[in-house]
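Here is my note on the model you sent. The points are numbered so that you can reply to each in turn.

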Amino acid sequence: MPKPIKYVMCASAMAGVLSLGLTGATSAHATQTLDYVALGDSYSAGSGVLPVDPTNLLCLRSTANYPRVIAARTGAHLKDVTCGGAQTKHFSEAQYPGVAPQLDAVTDGTDLITLTIGGNDNNTFTNAVTACGSAGLLSGGKGSPCKDKHGTSFDDQIEANTYPAIKAALQRLHAKAPGARVAVLGYPWITPATAEPGCFAKLPIASGDVPYLRGIQTHLNAVVQRAALETGSTYVDFSRVSDGHDACKPTGTRWIEPLLFGTSVVPVHPNALGEQRMAEHTMDALDLD
């Protein structure tokens, strides 16, 4: 951040007056507002968290999502183009009619960019949670029916398709805003590390598939981190701070809402507390005040 210019007082009174006047004018403009663009999917948009941004109902964008929290606390000038369901391809192509490609919001004057992306590529989150939830219900929560059926298929798609797509999207971001700081957030934990008593009613995943689903998310976060590091982006790691705040935990502790009996219209997504904590951890990682 540029510091106010200090002028040396001259001998004459007139020079001194001019010096003070110039110093005061410079100080008034010394603090520059961050030009901040928020990109990404439903975890960035805060889909399911009220109130909803009425300017674009298709995207289910919350006015309490983590970009809004960051902007409010830093005084940044925010352009929020996050959109529920976004894939990496929607950085460069329209997601819906009338919804511009997200990269259109980025300019060479952008200072800060934050995003979560990748979870919807290959429909990884939706397909994995749906498949494992359905298998869990049919098995009564026993065994690992989802892992037995799908094996490494989700991981194979993440490695073969999601990783290169994220890396390419980040490269395009840096090319368009070479002076911007780009922060790529990992996804907070959806499931605990192992099955917990009482969780099946809220998250009907078979006991053996709970670590399987967590492993898929671990792999997704790992490729997001790899792509971030390889493109000069900052990776914001939630693996430690979100541990113990998964969808199995009670209201007030969990950051992610469960599949059933949650408080959000969009299950398996961050709630208001989760969005707030994502904002706070991102600010800590970026040393933003």
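**Notes on the predicted model**

1. Start with Val106. This is a predicted model, and in it Val106 is in contact with Val37, Leu39, Ile113, Leu173, Lys176 and Ala177, leaving aside neighbours within four places in sequence.

2. Val106 belongs to the largest nonpolar core, which has 48 residues. Val106 is among the members that touch the most other members, together with Leu39, Phe91, Ile113, Leu115, Leu170 and Leu173. Five elements give two or more residues to this core: strand E3 (112–115), helix H4 (124–139), helix H6 (153–176), strand E4 (181–185) and helix H7 (210–230). Helix H7 supplies the largest share, nine residues.

3. There is also a second, separate core. It holds 18 residues, including Trp255, Met278, Ala279 and Leu288.

4. Now the overall layout. The protein has eight helices and five strands. Along the sequence they follow the pattern α-β-α-α-β-β-α-α-α-β-α-β-α. Of the 289 residues, 48% are buried. Take the contacts between residues at least 6 apart in sequence: 70% of them join residues at least 24 apart.

5. His269 deserves its own point. This residue sits in the loop between strand E5 (234–236) and helix H8 (272–286). Is His269 buried or exposed? His269 counts as buried, because its relative accessibility is 15% and the cut-off for buried is under 20%.

6. What does the side chain of His269 make a polar contact with? The partner is the side chain of Ser42, at 2.7 Å. Leaving aside neighbours within four places in sequence, His269 is in contact with Ser42, Tyr43, Ser47, Trp255, Ile256 and Glu257. One of these, Trp255, is also a member of the second core.

7. The largest pocket holds about 380 Å³ of space. Its lining has 26 residues, and those closest to its centre are Phe125, Thr126, Pro267, Val268 and His269. Helix H2 (42–45) and H4 each give two or more residues to this lining. The largest share, seven residues, comes from H4. By type, the lining divides into 15 nonpolar, ten polar and one charged.

8. Do not confuse the pocket with the cavity. How many cavities of 30 Å³ or more are there? The count is one. About 70 Å³ of space lies in the largest cavity. Its lining consists of Phe125, Ala128, Val129, Ile190, Thr191, Leu213, Arg214, Ile216 and Gln217. H4 and H7 are the elements that give two or more residues here, and H7 gives the largest share, four residues. The cavity lining divides into six nonpolar, two polar and one charged.

9. Phe125 appears twice in these lists. It is among the residues closest to the centre of the largest pocket, and Phe125 also lines the largest cavity. H4 contributes two or more residues to the largest core, to the pocket lining and to the cavity lining.

10. Last, Asp284. This residue lies in helix H8. Asp284 counts as exposed because its relative accessibility is 61%, and the cut-off for exposed is over 50%. Asp284 and Val236 are 48 residues apart in sequence, yet their C-alpha atoms are 9.5 Å apart in space.

Note on methods. Residues are numbered from 1 along each chain as its sequence is written. This is a predicted model: local features need pLDDT of at least 70, side-chain atom pairs count only at pLDDT 80 or more; totals for chains, interfaces and linings use all residues. Side-chain values use heavy atoms; hydrogens and water are left out. A nonpolar core is a set of buried Ala, Val, Leu, Ile, Met, Phe, Trp, Tyr and Cys residues joined through side-chain atoms within 4.5 Å. Buried means under 20% relative accessible area, exposed over 50%, partly exposed in between (1.4 Å probe, protein chains only). Contact means heavy atoms within 4.5 Å. A polar contact is a pair of N or O atoms within 3.5 Å; within protein, one must be able to donate a hydrogen and the other to accept it, and residues adjacent in sequence count only if both atoms are side-chain atoms. On a 1 Å grid over the protein atoms alone, a cavity is a set of points where a 1.4 Å probe fits but cannot get out, and a pocket is an open set with protein on both sides within 12 Å along at least five of seven lines; lining residues have an atom within 4 Å of a point. Grid points are joined across faces, edges and corners, and a volume is the space filled by probe spheres set on the points. Ala, Val, Leu, Ile, Met, Phe, Trp, Tyr, Cys and Pro count as nonpolar, Asp, Glu, Lys and Arg as charged, and the others, Gly among them, as polar.
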